[in-house]
Amino acid sequence: MSGIFKKITTGVTQTGSKVKNIVEVNRFRVRIVQKKRDVEKEYMEIGKLVFESYQNNNATVTIEGSILDYCQKISEMQGEVNLLEAKINDAKRLKECSCGEVVSKKTKFCPICGYKFKDAV
Ligand SMILES: [Zn+2]
């Protein structure tokens, strides 16, 4: 029995400080959706540049620099999306007790109030 509780406590100290609760997960999700929308806009800007270049019979050389700027911007945004997704995965491994304590998903009993989680695996 004491072994189980030791394991639970370790889980809490390792992951508890990273993400608070479900609300935070939803906030990350919203930010990902917004970021992906921004990425789509950048894609469209590139398309516009390419088409305008075609229309004006310009050599691609003149737009290469601008396209590179957009590509770098998109790469940065995708990096941010990956970071947010990693945070969500961290958060998903946690759950919150009614007493406010954040514990690992695998936790069966709250180490603070002793509540028995119904979804305990
Ligand atoms: Zn509790």
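In this predicted model, Asn-57 adopts a positive phi of about 55° at a position just after helix α2. The helix that precedes this residue comprises residues 22–55, and its 34 residues, at 1.5 Å a residue, should span 50 Å, a value with which the separation of 50 Å between its end C-alpha atoms agrees. Helix α2 is hardly covered by the rest of the model, since the count of buried residues among its 34 residues is 1.

The protein chain as a whole contains 3 helices and 2 strands, and these elements follow the pattern α-α-α-β-β when read along the sequence. Of the 121 residues in the protein chain, buried residues make up 6%. Among the contacts that join residues at least 6 apart in sequence, 57% are between residues at least 24 apart.

One place where distant parts of the sequence meet is found at Val-81, a residue of helix α3, which covers residues 61–92. Although Val-81 and Lys-35 are 46 residues apart in sequence, their C-alpha atoms are 6.8 Å apart in space. Beyond its neighbours within four places in sequence, Val-81 is in contact with Ile-32, Lys-35 and Lys-36. Val-81 nevertheless counts as partly exposed, because 18 C-beta neighbours lie inside 10 Å, whereas a buried residue would require 20 or more.

Further along the chain, Lys-105 is placed in the segment after strand β2, which is formed by residues 102–104. When neighbours within four places in sequence are left aside, the contacts of Lys-105 are with Arg-93, Leu-94 and Lys-95. Lys-105 has 14 C-beta neighbours inside 10 Å and therefore counts as partly exposed. Between Lys-105 and Phe-117, which are 12 residues apart along the chain, the C-alpha separation is 9.6 Å.

Confidence in the prediction varies along the protein chain, for which the mean pLDDT is 81, with 77% of the residues reaching 70 or more. Among the elements, helix α2 has the highest mean pLDDT, at 91, while helix α1, formed by residues 2–15, has the lowest, at 50. Over residues 12–19 the pLDDT stays under 50, and for this stretch the model has 14 contacts beyond four places in sequence. Where pLDDT is low, the predicted coordinates should not be read in detail.

Technical notes: Residues numbered from 1 in each chain as written. Predicted model: local features only at pLDDT ≥ 70, side-chain atom pairs only at ≥ 80, totals over all residues. Helix = DSSP H or I, 4+ residues; strand = E, 2+ residues; numbered from the N terminus. Expected span 1.5 Å × (residues − 1). Buried ≥ 20, exposed ≤ 12 C-beta atoms within 10 Å, placed from the backbone. Contact = placed C-beta atoms within 7 Å. pLDDT = per-residue confidence, 0-100.
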